[in-house]
Amino acid sequence: MKIPYHRYKDYLEQAFGCNIRKVVVDAGFTCPNRDGTVSLGGCAYCSQQSFTPLTNHRLSITEQLNKGMGNLSMRFERCAFLAYFQPNSNTHASTETLRKFYDEALAADNIVGFAIGTRPDCIGEDVLDLLAEFADRTYVQLELGLQTANDQTLAQMNRGHTAGAFFEAAARARQRGLNVCAHIIVGLPGETETDFMHTARLLSEADLTGVKIHNFYVAKGSPLAEKYCREPFPLLTLAEYSSHVVSMLEVMPWKVCVQRLYGSVRNENLIAPEWGRKTNLIDQALLEEFSRRKTFQGRLA
Ligand code: SF4
């Protein structure tokens with residue numbers, strides 16, 4: 001079956017000639033939206049619980065990578081790997097520290113590059129210069145959190161930055177030739193189709209190389225969990241989510257690789273919606289929506 005969107009997995013396989021998997025690394029970074037640099041509360045939907053049990057920054061970066069690659073190699077044949085600096089904000093340190101971490105990751109056997117997740121207010125010129133220097137010799141992917149292009153929602157979610165800050169940071173990174181992937185959340189409280197399409201259209205004009213789409217869910221330990229348990233607010237159904245995601249991808253050019261169409265959360269951390277537990281159903285619903293509409297990514301770009 002032809003996949004109706006540009007899967008990042010396929011892009012990597014073609015670029016590297018083999019199966020590429022990401023290995024999550026926790027280098028012990030904090031987040032400026034939690035440590036007081038920007039704010040103390042963190043984003044309203046963010047649950048630290050979702051990060052910490054998955055990773056172990058008491059192990060060195062090399063040890064984490066070797067452990068992760070060992071586990072994945074048992075499941076997948078002929079793989080190479082990207083080190084994925086994921087938890088918290090992975091540029092929130094001096095460039096000397098960042099260089100040391102990235103160098104250590106690249107020195108591990110079978111690591112062919114790295115990806116870093118961070119915030120748009122956490123990549124100064126010095127960090128971009130450093131990343132561009134690494135990108136001259138290896139594969140580097142910068143994942144920047146936008147979540148939504150609606151400033152009012154960003155403020156309500158306590159993101160601590162505006163949509164403009166994201167697009168300005170993404171443009172500076174692209175000017176240096178860096179791969180930039182936007183992380184967005186579909187279904188944030190109070191948002192409607194107008195917001196989702198506004199976000200998708202702005203992203204489609206931003207010359208990005210990737211997008212990672214996450215469904216909104218209420219996670220245990222997040223500030224929103226308390227609010228939701230006190231007074232539940234409306235959440236998207238799976239049918240609504242699939243419909244919005246497909247509409248958003250229709251306006252996004254094919255060259256933008258789709259790294260993810262939904263997020264996954266461990267059962268014990270999920271409060272709602274219930275369908276968030278059933279990743280096979282989400283996959284199926286999205287593919288059926290593409291098929292029902294006879295559509296594909298970029299059809300309306
Ligand atoms: S979602 Fe990211 S930016 Fe927001 S508090 Fe969590 S780690 Fe920090």
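Me: Two strands count as paired if DSSP finds at least two bridges between them. In this predicted model, which residue in β4 is the bridge partner of Thr 118?

Reply: Start with the strands involved: β3 covers residues 111–118 and runs parallel to β4, with 6 bridges between the two. Thr 118 falls within the range given for β3. Its bridge partner over in β4 is Leu 144.

Me: What handedness does the β-α-β unit made by β3, α5 and β4 have?

Reply: The two strands of this unit, β3 and β4, pair in the parallel sense. The helix of the unit is α5, residues 125–135. Taken together, β3, α5 and β4 form a β-α-β unit that is right-handed.

Me: And on to β5: which residue there stands opposite Glu 143?

Reply: β4 is also joined to β5 (residues 179–186), again running parallel and again through 6 bridges. Glu 143 is one of the β4 residues that point one way, along with Tyr 139, Gln 141, Gly 145 and Gln 147. Across from Glu 143 in β5 stands Cys 181.

Me: How many of the residues of β4 are buried?

Reply: In a regular strand, side chains take turns between the two faces of the sheet. Here Val 140, Leu 142, Leu 144 and Leu 146 point the other way from the set that includes Tyr 139 and Gln 141, and both sets are buried. β4 (residues 139–147) is therefore largely enclosed by the rest of the structure, and its buried count is 9 of the 9.

Me: Zooming out, which strands stand at the edges of the sheet?

Reply: The sheet is open, with 7 strands in the order β1-β2-β3-β4-β5-β6-β8 and parallel pairing. A strand at the edge has a single partner, so one side of it is left without a neighbour in the sheet. That describes β1 (19–25) and β8 (257–260).

Me: What is the average twist from one strand to the next?

Reply: The strands in question follow the order β1-β2-β3-β4-β5-β6-β8. One step in that row is β5 to β6, which pair in the parallel sense over 6 bridges. From one strand to the next, the twist averages 25 degrees.

Me: Let's turn to the rings: what kind of aromatic pair do Tyr 5 and Phe 290 form?

Reply: There are 13 aromatic pairs by the rule used here. For Tyr 5 and Phe 290, the centres are 6.0 Å apart with 20 degrees between the planes. Planes under 30 degrees apart count as stacked, and so the pair of Tyr 5 and Phe 290 is stacked.

Me: How many residues apart in sequence are the parts that this pair ties together?

Reply: Both partners are buried, Tyr 5 with a relative accessible area of 11% and Phe 290 with one of 2%. Tyr 5 lies in the segment before α1 (8–16), while Phe 290 belongs to helix α11 (residues 279–293). The pair therefore ties together parts whose separation in sequence, in residues, is 285.

Me: Which ring does the charged end of Arg 21 sit over?

Reply: Two charges over rings are worth a look. Lys 22 lies over the face of Tyr 84, at 4.4 Å from the ring centre. The charged end of Arg 21 is 3.6 Å from the centre of its ring, which belongs to Phe 76.

Me: How many disulfides does the structure hold?

Reply: A disulfide needs two cysteine sulfur atoms within 2.5 Å. The sulfur of Cys 122 has its closest cysteine sulfur in Cys 31, 7.7 Å away, which is too far for a bond. Both residues are buried, Cys 31 at 12% relative accessible area and Cys 122 at 9%. The number of disulfides is 0.

Me: Is Asp 207 buried, partly exposed or exposed?

Reply: Asp 207 sits in the loop between α8 (193–204) and β6. Its phi is positive, about 55 degrees, although it is not a glycine. With a relative accessibility of 37%, Asp 207 counts as partly exposed.

Me: Last one: is the peptide bond from Ala 272 to Pro 273 cis or trans?

Reply: Most peptide bonds are trans. Pro 273 has its place in the loop between β9 (270–272) and α11. Omega for the bond from Ala 272 to Pro 273 is near 0 degrees, and the bond is cis.

Conventions: Residues are numbered from 1 along each chain as its sequence is written. This is a predicted model: local features need pLDDT of at least 70, side-chain atom pairs count only at pLDDT 80 or more; totals for chains, interfaces and linings use all residues. Side-chain values use heavy atoms; hydrogens and water are left out. Rings of Phe, Tyr and Trp (its six-membered ring) pair if their centres lie within 6.5 Å; planes under 30 degrees apart count as stacked, over 60 as edge-to-face and the rest as tilted. Helices (H or I, at least four residues) and strands (E, at least two) are DSSP runs, numbered from the N terminus. Buried means under 20% relative accessible area, exposed over 50%, partly exposed in between (1.4 Å probe, protein chains only). A charge sits over a ring if NZ of Lys or CZ of Arg is within 6 Å of the ring centre and within 35 degrees of the ring normal. A crossover is right-handed if, with the strands pointing away from the viewer, the path from the first strand over the helix to the second runs clockwise. Axes are lines fitted to C-alpha atoms, for helices over the stretch in contact, and angles run from 0 to 180 degrees between N-to-C directions.
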